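Subject: Structure for your review

Dear colleague,

I am handing over the structure we spoke about, and below it you will find what came out of going through it. Please read the notes with the structure open beside them.

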Amino acid sequence: MERKVFGLGDIVQMKKPHPCGSNEMEIIRMGMDIRIKCTGCQHSVLIPRAKFEKNLKKVVHSAAETEQNN
């Protein structure tokens with residue numbers, strides 16, 4: 001299985017939606033734990049990297065692509 005590539009500032013889609021109804025999150029901190037912020041209600045959550053990688057569905061918008069286009 002291919003490992004998903006993600007980085008700081010990316011907008012990612014999670015398998016389960018946030019209680020507000022949005023399932024897109026922005027990565028705002030990376031390390032052993034990853035802090036993600038809901039794009040709907042701006043609530044942030046700190047979760048272990050292993051759990052984040054398991055629940056990540058896909059990268060919707062990459063911050064690296066935006067930097068290359070500018």
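To begin with a single contact, the side chain of serine 22 reaches the backbone nitrogen of glutamate 24, at a distance of 3.4 Å. Please bear in mind throughout that this is a predicted model, and that every value quoted here is computed from it.

Serine 22 itself sits in the loop between β1 and β2, the latter strand spanning 24–29, and with a relative accessible area of 17% this serine falls under the 20% limit and therefore counts as buried. Setting aside residues up to four places away in sequence, serine 22 touches Pro17, Cys38, Thr39 and Gly40. Glycine 21 lies in that loop between β1 and β2 as well, but glycine 21 is exposed, with a relative accessible area of 56%. From the C-alpha of glycine 21 to that of lysine 4 the distance in space is 24 Å, for a separation of 17 residues in sequence.

The other partner of the contact, glutamate 24, belongs to strand β2 and is partly exposed, its relative accessible area being 30%. Not counting residues up to four places away in sequence, glutamate 24 touches Ile11, Val12, Lys37, Cys38, Thr39 and Val60, so that Cys38 and Thr39 appear both in this list and among the residues touched by serine 22. Glutamate 24 and histidine 61 are 37 residues apart along the sequence, and their C-alpha atoms are 9.9 Å apart in space.

Turning to the aromatic side chains, the structure holds one aromatic pair. The rings of phenylalanine 6 and phenylalanine 52 have centres 5.0 Å apart and planes at 70°, and the pair is therefore edge-to-face, since planes over 60 degrees apart are classed in that way. Because phenylalanine 6 lies in the segment before β1 (11–14) while phenylalanine 52 lies in helix α1, the pair ties together parts that are 46 residues apart in sequence. Both rings belong to buried residues, with phenylalanine 6 at a relative accessible area of 13% and phenylalanine 52 at 0%.

Phenylalanine 6 also appears among the contacts of methionine 30, which, leaving aside its neighbours within four places in sequence, include Phe6, Gly7, Leu8 and Arg49. Methionine 30 is found in the loop between β2 and β3 and, at 32% relative accessibility, counts as partly exposed. Its C-alpha lies 9.7 Å from that of glycine 9, although methionine 30 and glycine 9 are 21 residues apart in sequence.

What lines the largest pocket? The lining is made up of Met14, Lys15, Lys16, Pro17, His18, Pro19, Met25, Ile36, Val45, Ile47, Lys51 and Asn55, and the elements that give two or more residues to this lining are β4 (44–48) and α1 (49–55). The volume of the largest pocket is about 270 Å³, and its lining residues divide into seven nonpolar, two polar and three charged. Pro17, which is in this lining, is also one of the residues that serine 22 touches.

Strand β4 is also the place of leucine 46, a residue that counts as partly exposed at 38% relative accessibility. Once its neighbours within four places in sequence are left aside, leucine 46 is in contact with Arg29, Asp33, Ile34 and Arg35. The C-alpha atoms of leucine 46 and isoleucine 36 are separated by 6.5 Å, the two residues being 10 residues apart along the chain, and Ile36 belongs to the lining of the largest pocket.

One backbone angle deserves a look. Most residues other than glycine have a negative phi, whereas phi of glutamine 42 is near 70°, a positive value in a residue other than glycine. Glutamine 42 is found in the loop between β3 (33–38) and β4, where, at 46% relative accessibility, it counts as partly exposed.

With best regards

How values were computed: Residues numbered from 1 in each chain as written. Predicted model: local features only at pLDDT ≥ 70, side-chain atom pairs only at ≥ 80, totals over all residues. Heavy atoms only, no water. 1 Å grid on protein atoms, 1.4 Å probe; cavity = no way out; pocket = protein on both sides within 12 Å on 5 of 7 lines; lining within 4 Å. Points joined across faces, edges and corners; volume = space filled by probe spheres on them. Helix = DSSP H or I, 4+ residues; strand = E, 2+ residues; numbered from the N terminus. Nonpolar A, V, L, I, M, F, W, Y, C, P; charged D, E, K, R; others polar. Phe/Tyr/Trp six-rings, centres within 6.5 Å; stacked < 30°, edge-to-face > 60°. Buried < 20%, exposed > 50% of the residue type's maximum accessible area, 1.4 Å probe, protein only. Polar contact = N/O pair within 3.5 Å; in protein donor to acceptor, adjacent residues only side chain to side chain. Contact = heavy atoms within 4.5 Å.
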